[in-house]
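I opened my notebook to jot down what I could look up in one protein model. The notes are short, and I kept them in the order I made them.

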Amino acid sequence: MKFYTLMGAFLLSLSSAFAAEVVSISPEGNVKNIQQITVRFSTDMTALGDPRDTIFPFAPNCTDTAGKKIKVPESQSRWADSKNWSFDYATPLTAGIRCDFFMKEGLKDLKGDKVKAKNFSFSTSGPAIVSYKPMYDSIEPEQYFVLQLDGAVDEDSVVKNAYFEVAGINEKVAVKIIKGSAREDILKSEYENQYKKDPKAMEEKYIVIAAGRRFPELAKVMLHWTPGILSKTGIAVTDAQTKEFTVLAPFTINFSCERTDYNQPCSPISDMRLEFSRQVRMKDVKDVSLVSGKNKWKPREFDESDSGDPEKMIYSLSFKGPFPEKKKFQVNVPVRIKDDSGRVLSNAKEYPLTVQTDGYSPLIKFSARFGVVEWTTESMLPVSVRNIEKNMKINQQSFEGKSFNLSSMNDVKNIINMYDLTMEKSEYAYDGRDPRNEPLLGKKEKNTAKFELPKASGEHDFEMMGIPLKNPGFYVVEVESPRLGQVLTLAKKPMYVATSVLVTNMGIHFKRGLESSLIWVTELKTSKPVADAAISVRDCNGDEIAQGTTDKDGLLKLGILKKVECERRGDQNYIFAKKGIDLS
């Protein structure tokens with residue numbers, strides 16, 4: 001008797017476990033962009049693949065908050081398999097819709113067992129913001145905002161519940177709705193093609209708003225879209241949204257020019273520029289000019305050869321130098337010029353602006369940190385000078401070929417070291433010191449000569465001078481100028497301008513390979529091969545790794561070259577060639 005009782009209880013439990021009922025439903029609650037509803041049953045509801053199946057387990061009813069039916073997209077239902085039923089809308093549901101799904105009365109599964117009753121519902125909630133215009137964070141002080149929504153909105157609820165939060169203003173800034181022709185013009189300008197195609201759709205899902213007051217420049221602004229906002233069907237927003245913006249700086253024009261010091265007049269050599277804080281049209285700045293006495297300059301962007309598109313948007317204009325020194329100039333700008341947002345100049349009172357050029361600044365300039373000068377009876381190192389001392393002070397260290405010992409480690413390392421120091425000398429101040437005030441050549445270096453070279457023209461004139469280099473070899477030339485240091489350096493001490501130069505008639509060519517390498521030497525004057533030139537190959541430390549003499553074709557063939565890495569110089573090699581008194 002006990003056995004049958006237990007067996008009956010087991011069968012009852014088993015029957016209950018497999019009762020016909022709804023196992024899962026998706027979606028429920030508040031959802032967005034819903035297009036498909038799916039329901040899973042615990043038992044088979046239909047024969048899989050039966051084309052005669054007409055079981056429709058649920059009846060949908062979509063309404064507003066007042067219970068009035070809402071028009072929704074066309075739909076169809078289907079059985080994905082014997083237990084899973086889906087209901088699909090042709091397009092996603094918009095905001096402001098509530099749908100109830102009521103189970104068909106007396107619904108039975110495939111075996112004929114009654115399905116346990118189960119109804120469900122979901123809501124697409126109130127309108128959410130899908131996109132913003134402007135889409136970027138920068139806004140104007142009197143900005144219009146175009147909001148694309150996922151459903152029609154109750155505009156009164158927007159005015160009551162949406163607001164702007166503005167840094168520095170201790171109260172909510174109200175939202176106002178832009179309507180009528182102003183709204184139409186804004187939508188046309190932002191979505192021209194879309195508006196022409198379907199203006200009615202834009203009427204429902206696009207809203208244009210603005211703040212109830214002007215935003216301060218550079219202020220942080222946040223738009224709050226709050227749960228109190230309703231759809232036209234009365235369904236409220238459930239998830240708040242915020243979007244942060246920054247108000248643009250005022251539209252300004254800034255004049256700039258190069259100066260030897262921040263408090264000095266403009267350099268007469270360099271260009272003068274006008275920088276716009278926002279883009280402007282070329283045609284709106286055509287009257288910009290620079291005037292000094294009877295002389296007038298137009299921006300280089302308006303040269304006849306490059307007049308440009310009048311509708312082109314630009315950020316700057318420039319006046320091409322050089323200009324007369326120590327003269328006053330007037331920068332003329334149309335005061336009614338507007339930026340790409342239609343804003344007028346905030347600093348228009350600064351123009352016409354009076355500026356002045358300085359005298360021509362001192363100059364000592366070599367063409368490069370290192371160069372090669374062809375050896376002749378009158379070899380010269382060119383240097384450009386202007387507005388420096390009448391007698392130019394020069395320090396010169398020479399490693400002449402006639403006294404250079406190719407096998408001497410000291411001679412080779414001295415050249416490599418001086419070459420590196422010249423190439424690496426910084427032109428910028430750092431750590432409280434200015435390397436330009438520090439000479440490369442002191443009093444202790446061997447083979448160092450000091451002499452003065454008088455300027456042929458006046459002190460203020462610009463001229464190209466030649467420093468004589470009579471014999472072939474490697475030279476370091478350094479020019480000292482107290483006047484240049486006073487103008488350009490922080491310490492206001494003499495400034496030293498240095499270069500290194502090789503005076504030679506030999507050119508060295510080097511091809512390095514994995515298994516062999518090749519060196520060939522030619523004359524600079526004739527390009528003919530140089531035979532019997534002594535060659536020394538040095539690693540980055542200056543140590544010799546190969547040597548030899550060029551053959552009648554100016555060639556020296558080498559085997560595998562040892563590779564050495566140096567922290568300062570990497571794995572570079574130095575190749576020296578010497579023939580007679582010539583050195584390269």
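Here are my entries, starting with where the model comes from.

**Entry: what I am looking at**

I reminded myself that this is a predicted model. Every value below is therefore something I looked up as a computed value on a prediction.

**Entry: helix 3**

I began with helix 3, which spans residues 180-190. Which of its residues are buried? I found Arg183, Ile186 and Leu187. I then looked down the axis of the helix and saw that the buried residues fall within an arc of 95°, so they line one face of helix 3.

Next I turned to the face that points away from the buried side, and there I noted the exposed residues Ser181 and Ser189. What covers the buried residues? I wrote down that the cover includes strand 11 (144-149), helix 4 (192-197), helix 5 (199-205) and strand 14 (206-211).

I also picked out Glu184, which sits in helix 3 as well. I had to check its label: buried means under 20% relative accessible area and exposed means over 50%. Glu184 has 32% relative accessibility, so it counts as partly exposed. For a sense of distance I looked up Glu184 and Val285: they are 101 residues apart in sequence and 31 Å apart in space, C-alpha to C-alpha.

**Entry: the nonpolar cores**

I moved on to the largest nonpolar core, which has 27 residues. Which members touch the most others? My list reads Leu147, Val158, Phe164, Ile209, Phe215 and Trp225. I noted the strands that each supply at least two residues of this core: strand 9 (129-133), strand 11, strand 12 (163-166), strand 13 (173-177), strand 14, strand 15 (220-225) and strand 16 (241-247). Strand 11 and strand 14 were already in my notes, as part of the cover over the buried residues of helix 3.

I zoomed in on Val158. Leaving aside its neighbours within four places in sequence, Val158 is in contact with Val153, Val175, Ile177, Ile207, Trp225 and Ile229.

Apart from the largest core lies another one, of 26 residues. I copied down some of its members, among them Val280, Leu317, Leu345 and Tyr351.

**Entry: the largest pocket**

How much space lies in the largest pocket? I got about 730 Å³. Its lining has 28 residues, and Ile364, Lys365, Glu427, Leu488 and Met495 lie nearest the centre. The elements that give two or more residues to this lining are strand 24 (363-365), helix 7 (482-488) and strand 31 (495-504). Strand 31 gives the most, with four residues. I sorted the lining by type and got 14 nonpolar, six polar and eight charged residues.

**Entry: the cavity**

How many cavities of 30 Å³ or more are there? The count comes to one, and about 40 Å³ of space lies in the largest cavity. Its lining is made of Arg259, Thr260, Pro265, Cys266, Ser267, Pro268, Asp358, Gly359 and Ser361. By type, I noted three nonpolar, four polar and two charged residues.

I followed up on Ser267, which I found in the loop between strand 17 (253-257) and strand 18 (272-281). Its relative accessible area is 13%, so Ser267 is buried. Leaving aside its neighbours within four places in sequence, Ser267 is in contact with Glu258 and Arg259.

**Entry: backbone oddities**

Where are there cis peptide bonds? I noted one joining Lys133 and Pro134, with omega about 5°. Pro134 is in the loop between strand 9 and strand 10 (138-139). I noted another joining Tyr351 and Pro352, with omega also about 5°. Pro352 is in the loop between strand 22 (328-332) and strand 23 (353-356). I had met Tyr351 before, in the core of 26 residues.

Then I looked at phi. Asn387 has a positive phi of about 55° although it is not a glycine. Asn387 lies in the loop between strand 26 (380-386) and strand 27 (391-400). Is Asn387 buried or exposed? It is buried, with a relative accessible area of 12%. The C-alpha atoms of Asn387 and Asp461 are separated by 6.1 Å, though the two are 74 residues apart along the chain.

Ser527 has a positive phi too, about 65°, and is not a glycine either. Ser527 lies in the loop between strand 33 (517-523) and strand 34 (534-538). Ser527 counts as exposed because its relative accessibility is 55%.

Terms used: Residues numbered from 1 in each chain as written. Predicted model: local features only at pLDDT ≥ 70, side-chain atom pairs only at ≥ 80, totals over all residues. Heavy atoms only, no water. Buried < 20%, exposed > 50% of the residue type's maximum accessible area, 1.4 Å probe, protein only. Arc of directions from axis to C-beta. Contact = heavy atoms within 4.5 Å. 1 Å grid on protein atoms, 1.4 Å probe; cavity = no way out; pocket = protein on both sides within 12 Å on 5 of 7 lines; lining within 4 Å. Points joined across faces, edges and corners; volume = space filled by probe spheres on them. Nonpolar A, V, L, I, M, F, W, Y, C, P; charged D, E, K, R; others polar. Core = buried A, V, L, I, M, F, W, Y, C linked by side-chain atoms within 4.5 Å.
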